[in-house]
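Hello,

Here is the structure I said I would pass on. My notes on it follow below.

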Amino acid sequence: MIIIITDGNCHDMDITKSLMIDMSHMPFSAVVVGVGESDFADMEVLDADACVLTDNTGREAVRDIVQLVKYTDFKDMGMRELALEVLGEVPD
């Protein structure tokens, strides 16, 4: 598992999508914690809760391996709630 803390969007989406699709075949999970007031639209795409992550060649991810958590959604709730959300989609 990897935790990525970012204050913005991805600058190389094509490469990142392809890599995440490759990694979806492996025992790998990524948690992206978005901090600040940025628009995390690209990170929402990588999270792929609404649809299967697909790259520009049409390859699809085997499973959803990216979890996006926006810190601003949890900053008033406390660290426990943030930690539960961060680990929420990490497989057992």
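**Strands, cores and a helix**

Val33 stands opposite Val69 of strand E3. Please keep in mind that the model is predicted.

The strands E2 and E3 pair in the parallel sense, over 5 bridges. They belong to an open sheet of 3 strands, ordered E1-E2-E3 with parallel pairing. At the edges are E1 (2-6) and E3, each of which pairs on one side only. Ignoring direction, neighbouring strands in this sheet are turned by 20° against each other on average.

Helix H3, residues 79-86, lies across E2 and E3 and runs at about 160° to E3.

Next, the nonpolar cores. The largest one has 17 residues, and those with the most contacts inside it are Met20, Phe28, Met43, Leu46, Leu53, Ile65 and Val66. At least two residues of this core come from each of helix H1 (13-23), strand E2 (30-34), helix H2 (41-47) and strand E3 (66-70). H1 gives the largest share, 4 residues. A second core, separate from that one, has 6 residues, including Val33, Val69, Phe74 and Leu82. Val33 and Val69, the pair mentioned at the start, are thus listed in this second core.

One residue of the largest core can be followed further: which residues is Phe28 in contact with, leaving aside its neighbours within four places in sequence? They are Ile2, Met20, Met23, Arg63 and Ile65. Of these, Met20 and Ile65 are also among the residues with the most contacts inside the largest core.

Regards

How values were computed. Residues numbered from 1 in each chain as written. Predicted model: local features only at pLDDT ≥ 70, side-chain atom pairs only at ≥ 80, totals over all residues. Heavy atoms only, no water. Core = buried A, V, L, I, M, F, W, Y, C linked by side-chain atoms within 4.5 Å. Buried < 20%, exposed > 50% of the residue type's maximum accessible area, 1.4 Å probe, protein only. Contact = heavy atoms within 4.5 Å. Pairing = 2+ DSSP bridges. Axes fitted to C-alpha atoms, helices over the stretch in contact; angles between N-to-C directions.
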